Amino acid sequence: MREAKQRILIADDSAMNRAILTEMLGDGYDILEAENGLQAVSVMQSDENIDLLLLDIMMPEMDGFEVLAMMKKCHWIDDIPVIMISAENASSFVERAYDLGASDYISRPFDTAVVRRRVINTLMLSAKQKRLVQLVAEQVYEKEKSNSTTPR
């Protein structure tokens with residue numbers, strides 16, 4: 001059985017930017033798209049298997065910062081790493097993105113090698129973190145199980 005492709009949600013109001021990112025990432029991922037922040041939130045509500053969100057800041061209806069704030073409120077940010085993508089390089093934007101829980105920040109124009117490497121690194125770190133959390137949960141469960149079977 002083949003392992004399922006990791007799922008990446010690209011939220012950007014520019015169809016061209018979504019197409020560029022999809023092309024850069026190649027066929028190695030299952031790509032989902034959202035045209036604005038509201039669509040991105042809707043996708044995350046209905047699909048629990050998003051491995052990474054590439055999130056533009058400047059979008060209509062709900063901008064990237066509002067999406068991050070919603071993700072933080074709903075605790076999705078704990079499970080879905082976010083790489084912000086923007087042409088905006090002001091340190092206040094970058095700082096705000098990190099403060100709201102973004103894992104990384106990529107500036108436009110995109111560099112294919114940088115985008116690919118940051119996506120790979122972010123997904124790898126996220127997978128390692130999830131494995132560690134699972135391992136700790138299993139150890140806690142085993143400890144509690146052995147404590148409950150030990151006579152006092």
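Which side chain makes a polar contact with the side chain of Asn17? Keep that in mind while you get your bearings; the tour comes back to Asn17 shortly. What you have open is a predicted model.

**The whole chain**

Start with everything shown as a cartoon. You should be able to pick out five helices and five strands, and if you trace them from the N terminus the order is β-α-β-α-β-α-β-α-β-α. Aligned along the principal axes, the C-alpha atoms fill a box of roughly 65 × 35 × 30 Å. Switch on a surface if you like: the accessible area is about 9,300 Å², with 52% of that belonging to carbon and sulfur atoms. Of the 152 residues, 37% count as buried. Among contacts with a separation of 6 or more, 58% are between residues 24 or more positions apart.

**Stop 1: Asn17**

Now select Asn17, which sits in helix α1 (residues 15-25). Here is the reply to the opening question: the partner is Asp12, with the two side chains 3.4 Å apart in a polar contact. Show the neighbours too, and leave out residues up to four places away in sequence; Asn17 then touches Asp12, Arg108 and Phe110. Asn17 is a buried residue, at a relative accessible area of 10%.

**Stop 2: Ala40**

Next, move to helix α2, where you will find Ala40. Its relative accessible area is 0%, so Ala40 is buried. Beyond residues up to four places away in sequence, Ala40 touches Leu9, Ala11 and Ala34. Draw a distance from its C-alpha to that of Ile10, and you should read 8.1 Å for two residues 30 apart along the chain.

**Stop 3: helix α3**

Select residues 64-73 and look down the axis. The buried residues of α3 are Gly64, Phe65, Val67, Leu68 and Met71. Why do they share one side of the helix? They cover an arc of only 160° around the axis, and this places them on the same side of α3. Their packing partners are α2 (37-46), β3 (52-56), β4 (82-86) and α4 (91-99).

Both ends deserve a look. At the start of α3, Asp63 brings a side-chain oxygen to within 3.0 Å of the backbone nitrogen of Phe65. Just after the helix, His75 has a positive phi of about 65°.

**Stop 4: Phe65 and Phe93**

Stay with Phe65, which is buried with a relative accessible area of 4%. The structure holds one aromatic pair, and Phe65 forms it with Phe93: the rings are tilted, with 5.8 Å centre to centre and 40° between the planes. Phe65 belongs to helix α3 and Phe93 to helix α4, so the pair ties together parts that are 28 residues apart in sequence.

**Stop 5: the nonpolar cores**

In soluble globular proteins, nonpolar side chains tend to be buried together. To see this here, show Leu9, Leu53, Leu55, Met71 and Met84 as spheres; within the largest nonpolar core, which has 28 residues, these touch the most other members. At least two residues of this core come from each of β1 (6-11), β2 (29-34), α2, β3, α3, β4 and α4.

Centre on Met71 for a closer view. Setting aside residues up to four places away in sequence, Met71 touches Met44, Leu53, Trp76, Ile77, Ile80 and Val82.

For the last selection, take Leu25, Leu54, Val115 and Val119, which are among the members of a second, separate core of 15 residues.

Note on methods. Residues numbered from 1 in each chain as written. Predicted model: local features only at pLDDT ≥ 70, side-chain atom pairs only at ≥ 80, totals over all residues. Heavy atoms only, no water. Buried < 20%, exposed > 50% of the residue type's maximum accessible area, 1.4 Å probe, protein only. Helix = DSSP H or I, 4+ residues; strand = E, 2+ residues; numbered from the N terminus. Arc of directions from axis to C-beta. Contact = heavy atoms within 4.5 Å. Polar contact = N/O pair within 3.5 Å; in protein donor to acceptor, adjacent residues only side chain to side chain. Core = buried A, V, L, I, M, F, W, Y, C linked by side-chain atoms within 4.5 Å. Areas by Shrake-Rupley, 256 points an atom, 1.4 Å probe, with all protein chains shown as cover. Phe/Tyr/Trp six-rings, centres within 6.5 Å; stacked < 30°, edge-to-face > 60°.
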